[in-house]
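The following exercises concern backbone geometry, nonpolar packing and charged pairs. Each task is followed by a solution in steps.

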Amino acid sequence: MTYSLSASKLQTYHRCAKSYHFRYEQGIKSAAFFGSAALGTSLHQALAQIYRDWHYQTPLPDLTWINACWSDNSKGLSDAQAEEGQQILQGYYESFIANQPAIAKPVAVEGKVQGHLQVSNLEFSLIGRFDRLDWYEDGLELIDYKSTKETKLPEPAELDLQMGLYYLALEQRYQQSLKQLSLIFLRTGEKVSFRATPEQSQRVYQMISELAIKLRSDEEWEPSVGKHCDRCTYVKYCPAKQTNPEPVPSGGKASKQLQLVLNL
């Protein structure tokens, strides 16, 4: 039985091993903060269609194609959202398509990648998702669209973990290394790229090795106190934040049973 790992799982473990244990090993559900994601979802779907379904018989699509893809994917939005989304896509077209000599067909859009890693006799499945994956002679570019109003960059350490995991998984899947990860902020037309390195994949391997030891030995998952505690769902159960922490709810996953399965 394989143990699934995603970038978000590794980022949680990096922030606090105790939080990771509460969420993924003991199965305590976390409180979520939901906003209106309908516009963002429609934008992602329209961009996927723009690149996936374009015939590529001519170098560049025109705005007619962009608007047609938006029409297909904006159903169910309010009139204000539909108009805003159309303006965002037209801005994207001007910034990333119209000024190019041609657009290349991506390797994949709205895809997922899965790799495998064996550490300490445990089989790990590395799982990731991406909005677009482009191929270059010297490596792959993974593109993530951001539709949020705030242009916020991820923490460097957490970005390294994400890129390291994708580096390992993409190399297995495509026999080509990750060259860079690019964030495209749809509302501002900004593109921020981060160079991928083999050192990032090595750090991910080391972290997975550390995690494997915890899974096998059932040793204490020590909490890490920091700013992230302010938004942590599990503070009331945490011995590092509470003198008398609340008992962990029953009914979650049995951590020890999972480890026994992994040891088979």
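Contact is taken here to mean heavy atoms within 4.5 Å. The model under study is predicted.

**Exercise 1.** Identify the residues that Phe-124 is in contact with, leaving aside neighbours within four places in sequence, and place Phe-124 in the largest nonpolar core.

*Solution.*
1. With those neighbours excluded, the contacts of Phe-124 are Tyr-3, Leu-5, Gly-115, His-116, Leu-117, Val-119, Ile-208, Ala-212 and Leu-215.
2. The largest nonpolar core has 39 residues, and Phe-124 is one of the four that touch the most other members, together with Leu-5, Leu-170 and Ile-208.
3. Helix H6 is the main contributor to this core, giving 10 residues.
4. A separate second core comprises 25 residues, among them Ile-50, Leu-77, Tyr-93 and Leu-186.
5. As a general tendency, nonpolar side chains in soluble globular proteins are buried together.

**Exercise 2.** Determine which parts of the chain are tied together by the salt bridge of Arg-187 and Glu-84, and whether each residue is buried, partly exposed or exposed.

*Solution.*
1. The two side chains meet at 2.4 Å, N to O.
2. Arg-187 belongs to the loop between E5 and strand E6 (190–195), while Glu-84 belongs to helix H5 (residues 79–96); the pair therefore ties together parts 103 residues apart in sequence.
3. Partly exposed covers relative accessible areas between 20% and 50%. Arg-187, at 30%, is therefore partly exposed, and so is Glu-84, at 29%.

**Exercise 3.** Describe the salt bridge of Asp-138 with Lys-179, then that of Asp-134 with Arg-132, with regard to burial.

*Solution.*
1. In the pair Asp-138 and Lys-179, the closest N and O atoms are 3.4 Å apart.
2. This pair links distant parts of the chain, 41 residues apart: Asp-138 is in the loop between strand E3 (122–136) and strand E4 (139–146), and Lys-179 is in strand E5.
3. Asp-138 has 48% relative accessibility and is partly exposed, whereas Lys-179, at 17%, is buried.
4. For Asp-134 and Arg-132, the closest N and O atoms are 3.0 Å apart, and both residues are buried.
5. The whole structure holds 8 salt bridges.

**Exercise 4.** State where Tyr-56 and Gln-175 lie and what is notable about the phi of each.

*Solution.*
1. Most residues other than glycine have a negative phi.
2. Tyr-56, although not a glycine, has a positive phi of about 60°; Tyr-56 is found in the loop between helix H3 (38–53) and helix H4 (63–73).
3. Gln-175, likewise not a glycine, has a positive phi of about 55°. The loop between helix H6 (156–174) and strand E5 (178–185) contains Gln-175.
4. Gln-175 counts as exposed, with 64% relative accessibility.

Terms used. Residues numbered from 1 in each chain as written. Predicted model: local features only at pLDDT ≥ 70, side-chain atom pairs only at ≥ 80, totals over all residues. Heavy atoms only, no water. Helix = DSSP H or I, 4+ residues; strand = E, 2+ residues; numbered from the N terminus. Buried < 20%, exposed > 50% of the residue type's maximum accessible area, 1.4 Å probe, protein only. Core = buried A, V, L, I, M, F, W, Y, C linked by side-chain atoms within 4.5 Å. Salt bridge = Lys/Arg side-chain N within 4 Å of Asp/Glu carboxyl O.
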